Amino acid sequence: MAGAPPTPAEKDALVSSFLEIAAGQTPHTATQFLQMTSWHLEEALQLFYIDGEAALAGAHPPAQSAAEAALAAAAAAAEVEEGFRFHPPPAAALEDGMLQGLGDDGDVRAPLPVRRETLYGDTPMIVTRPNATVAFRNFEEEARQSAWDSEQNATSSSRDNLASLYRPPFDLMFNGPFDKAKLEASSLDKWLLINLQSTEEFSSHMLNRDTWANEAVAQTIRSNLIFWQVYQDTGEGRKVCTYYHLVSVPAILLIDPITGQKMRGWSGMVYPDSLLEDLMPYLEKGPKEHHAAQPQKRPRKVDQETSMVRQGKTAVESEDEELARAVAASLEENKGAGGSDAADEKPNPVEETEPSLSVKIEYPPLPEEPKVSRDLLCRVAVRLPDGRRIQRNFLHTDPIKLLWSFCSSQVEEGEKRAFHFGQPIPGAAINKLQYGSEQTFKEAGLANSMINLLWD
């Protein structure tokens, strides 16, 4: 049985409640929405907020045929069902209002009219259905996948950074086979520096990272050497290993490009300062000057003459003995004839004027080695004439005269014999440092450098 229709007082109360909630509406509008929902307040409010004026326009539809009415009713029912998917009614309406909308005779009220709107100009509104699986998302699995992706990205970035650290020095390397590298070095009058590497030895990668990437080593190679690097398992690498009898890699060889002779060799990891120190004797002159300074071999004709002289050695020695006896006899005769005065006279020795080594050269007093921040220090290494190497810290503002004070006590005759300093790398900015200079260590560009001590 359907409930009794509300009394006029109840209708006025429902209209007042509707107007309190839907502020700004007229009693006529409230009465229309309440009548369309059989005076159910919750359904009237829901209809007002969802459909609004379209519901009022559809309250008195134009006359239409039975077929058109059926099609419209079916479309309206589908639209209402679709609308409730996105805008579910309140719980109160589901519990009471919708059930009360059914009459005693089972009649269903008229469907709500269809309403379509456009959000942005002519662009059609795209309705996205909610994903039914969102409620069952595996957040733990998603977090694990996100962490894995981040780790992969970090690993890839780290791998790229490592590859750049251990990359071979392509900007220093000669591009070509060993024979062409020798020809290039010979034509430029430069020594050939070879580096045999192995992909299985980490020392090879350390050479790329620490030694060949060092700025001083790179500058030395560009100015004085032709650099050629190859892996020992390639055809050229196996040829060089066989020719120079290399048993371990990595290896570094200094080659005379004119004769192909190995002048110096290193094995394993070689640090920049050690490599530069060992290369210094070869940087003062190129291969051609080195060969010109070597003593020439005596020809075979001279050897034959020497053998002939040896064969007549006995005859010559006997003649020399006779001549010596004759000279001695002549001196005895002169002594007896000259008298005692001649015998008493002694020739005065000729005094040669040589520089005295007893005069001590005075240098400025050497202060204590500074112990301050590394930014204020200037570290200088000095290679002595006897092959030793000494080093000390100075301040950037100290005069370079303190180098003479420091080195004079480290070498023999340092306090009595004058000396100067020179740059070991030919073609560098600093060629010669004299004691009379008033420069500071910073002005002379001696920060973290190595120089040679040379006698005047």
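Axes are lines fitted to C-alpha atoms, for helices over the stretch in contact, and angles run from 0 to 180 degrees between N-to-C directions. The exercises below concern a predicted model.

**Exercise 1.** Determine how helix 2 and helix 3 are oriented to each other, and describe the residues at their contact.

*Solution.*
1. Helix 2 spans residues 27–36 and helix 3 spans residues 41–50. Their axes are 8 Å apart, and the packing angle is about 115°.
2. Angles of 65 to 115 degrees count as roughly perpendicular. Helix 2 and helix 3 are therefore roughly perpendicular to each other.
3. The handedness of this crossing of helix 2 and helix 3 is right-handed.
4. From helix 2, the residues F33, L34 and M36 meet L41, A44, L47 and F48 of helix 3. By class, the residues of this contact comprise seven nonpolar, no polar and no charged.

**Exercise 2.** Carry out the corresponding analysis for helix 1 and helix 2.

*Solution.*
1. Helix 1 covers residues 8–21, and its axis comes within 9 Å of that of helix 2, with a crossing at roughly 110°.
2. Helix 1 is thus roughly perpendicular to helix 2.
3. Helix 1 passes helix 2 in a crossing that is right-handed.
4. In helix 1, L14, V15, F18 and L19 meet P27, A30, T31, F33 and L34 in helix 2. The residues of this contact divide into eight nonpolar, one polar and no charged.
5. F33 and L34 of helix 2 appear in the contact with helix 1, and both are also listed in the contact with helix 3.

**Exercise 3.** Establish whether N195 is buried or exposed, and identify the polar partners of its side chain.

*Solution.*
1. N195 is located in strand 1, which runs over residues 191–197.
2. Buried means under 20% relative accessible area. The relative accessibility of N195 is 0%, so N195 counts as buried.
3. The side chain of N195 forms a polar contact with the side chain of Q229 at 2.9 Å.
4. A polar atom of the N195 side chain also lies 3.2 Å from the backbone oxygen of A251.
5. Leaving aside neighbours within four places in sequence, the residues in contact with N195 include L207, W212, F227, W228, V230, P250 and I252, as well as Q229 and A251.

**Exercise 4.** Assign F421 to its strand, classify its accessibility, and state its C-alpha separation from W404.

*Solution.*
1. F421 belongs to strand 7, residues 419–422.
2. With a relative accessibility of 0%, F421 counts as buried.
3. F421 and W404 are 17 residues apart along the chain, and their C-alpha atoms are separated by 9.1 Å.

Notes
Residues are numbered from 1 along each chain as its sequence is written. This is a predicted model: local features need pLDDT of at least 70, side-chain atom pairs count only at pLDDT 80 or more; totals for chains, interfaces and linings use all residues. Side-chain values use heavy atoms; hydrogens and water are left out. Helices (H or I, at least four residues) and strands (E, at least two) are DSSP runs, numbered from the N terminus. Angles under 35 degrees count as roughly parallel, over 145 as roughly antiparallel, 65 to 115 as roughly perpendicular and the rest as oblique. A crossing is left-handed if the near helix is turned anticlockwise from the far one by less than a right angle, and right-handed if clockwise. Contact means heavy atoms within 4.5 Å. Ala, Val, Leu, Ile, Met, Phe, Trp, Tyr, Cys and Pro count as nonpolar, Asp, Glu, Lys and Arg as charged, and the others, Gly among them, as polar. Buried means under 20% relative accessible area, exposed over 50%, partly exposed in between (1.4 Å probe, protein chains only). A polar contact is a pair of N or O atoms within 3.5 Å; within protein, one must be able to donate a hydrogen and the other to accept it, and residues adjacent in sequence count only if both atoms are side-chain atoms.
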